[in-house]
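Grab a pencil and try these short exercises on side-chain contacts. Have a go at each one before you read its solution.

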Amino acid sequence: MKFLRNILDKNSKHFHKGGKLEKYYPLYEALDTILYSPGTPTRAASHVRDGVDLKRIMITVVVAMVPAIAMAMYNTGFQAHHAITKGAAPLDSWQTNLFTLLGGQFDPTNIAFCVLHGALYFLPSLLVTFLVGGNIEVLSAILRKHDINEGFLVTGVLLPLTLPPNMPLWQVGLGIAFGVVFGKEVFGGTGMNFLNPALTARAFLFFAYPAHISGDKVWVAADFTGVSTDAVTGATWLSKAALEGNAALANANWMDAFLGFVPGSMGETSAAACFLGAIILILTRVASWRIMLGVTVGTFAMTTLLNSLSSGTNPFMQVPFIWHIVLGGWALGTVFMATDPVSAAFTNTGRFVYGFFIGVLVILVRVINPAYPEGMMLAILFMNLFSPLIDHFVIRGNIKRRIARNATA
């Protein structure tokens with residue numbers, strides 16, 4: 001790769017201050033630092049530097065999402081093949097036609113072709129997200145005259161994971177544009193946003209196009225044995241539980257929901273894949289285990305409270321904790337969204353409190369609001385607004401304790 005290094009060095013003068021391509025320096029700097037280490041490292045002994053920078057953090061998070069991405073593609077194809085083999089065809093789309101041209105066989109037991117078919121739904125959404133969102137990041141960097149950072153890397157992968165397979169691509173592009181501009185860039189870019197950009201994009205799509213993204217109806221349906229029942233539309237397991245409570249889950253296989261062999265948004269169905277990502281993030285100390293623990297404790301506490309109450313009109317109140325953590329986007333939100341280091345709380349105590357109330361709110365929204373049985377997105381965005389206040393009170397409490405501890409008579 002020395003020839004590429006020589007090309008970059010030879011043309012660098014054109015992009016630096018005074019060069020004819022000066023305004024495009026962010027593009028040059030992004031390419032240079034992606035391929036190579038920065039050319040101006042700190043060498044003086046007076047500096048203490050951490051080996052972990054923004055690039056390494058973002059790449060680590062993406063690596064942790066690989067299991068969820070793999071399951072997103074596999075399960076999407078798996079659900080489509082089940083529908084087709086049972087006599088119900090999926091939506092007539094170019095992905096299905098291309099899959100057929102590639103020689104794919106609609107067989108749920110064929111893992112390779114399930115992944116291939118699912119990739120034809122997931123990858124276009126991923127590509128649109130990066131093309132639209134990435135170009136907005138580049139334009140913003142050029143206008144502000146600062147370097148392009150890697151903050152969008154995780155956002156660009158997260159949004160497609162939260163979307164259903166049949167989401168129109170133009171809506172995907174519109175959603176990521178809204179999320180990047182109004183969720184991050186208007187506040188100053190990466191590190192300045194107080195809302196999670198991926199969730200901001202999903203919230204926009206949810207309220208602007210609820211028929212496509214609500215999660216109440218998905219492109220394929222399966223009953224609780226995994227057999228297609230009613231062609232291309234049907235309620236997700238979470239929606240059925242919201243309507244029928246434990247009666248809907250009586251014949252359900254919890255392990256199928258845990259592993260991700262259920263209909264739903266592409267990256268939200270497999271709690272197992274998300275928990276594997278959580279192990280990676282915790283071991284590398286990229287994400288806070290306190291936030292994940294707080295969400296889990298809050299979810300357990302609120303679920304236990306509602307389970308202890310009796311309701312003749314709301315069967316969802318009796319659904320136990322063990323089911324809530326494998327349904328909908330609970331696992332994906334807990335591991336990858338609630339732990340966003342920018343929009344979450346900064347103090348250790350604050351992180352647990354922040355996570356705890358996310359867990360409480362997600363159950364309240366799911367159970368008390370029958371019109372929206374998910375809740376994870378709204379719970380995280382709501383607590384994003386309160387994370388600075390939580391940190392404020394934690395710091396004030398620490399200061400008061402220090403003053404009292406060091407006070408002299």
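**Exercise 1: a pair of rings**

Phe178 has a relative accessibility of 27%, so it counts as partly exposed. Keep in mind that this is a predicted model. Your task: work out how the rings of Phe178 and Phe182 are arranged.

*Solution.*
- Step 1: the ring centres are 4.9 Å apart, and the planes make an angle of 35 degrees.
- Step 2: planes under 30 degrees apart count as stacked and those over 60 as edge-to-face, with the rest called tilted. So Phe178 and Phe182 form a tilted pair.
- Step 3: about one helical turn separates the two, because they sit four residues apart in helix H7.
- Step 4: Phe182 is partly exposed too, with 48% relative accessible area.

**Exercise 2: another pair**

Now classify the pair made by Phe356 and Phe357.

*Solution.*
- Step 1: here the planes are 85 degrees apart, and the centres lie 5.5 Å from each other.
- Step 2: an angle over 60 counts as edge-to-face, so that's the label for Phe356 and Phe357.

**Exercise 3: opposite charges**

Find out which parts of the chain the salt bridge between Lys184 and Glu137 ties together.

*Solution.*
- Step 1: the side chains of Lys184 and Glu137 meet at 2.4 Å, N to O.
- Step 2: Lys184 is in the loop between helix H7 and helix H8, while Glu137 is in helix H5, so the bridge links parts 47 residues apart in sequence.
- Step 3: buried means under 20% relative accessible area. Lys184, at 3%, counts as buried, and so does Glu137, at 7%.

How values were computed. Residues numbered from 1 in each chain as written. Predicted model: local features only at pLDDT ≥ 70, side-chain atom pairs only at ≥ 80, totals over all residues. Heavy atoms only, no water. Salt bridge = Lys/Arg side-chain N within 4 Å of Asp/Glu carboxyl O. Buried < 20%, exposed > 50% of the residue type's maximum accessible area, 1.4 Å probe, protein only. Phe/Tyr/Trp six-rings, centres within 6.5 Å; stacked < 30°, edge-to-face > 60°.
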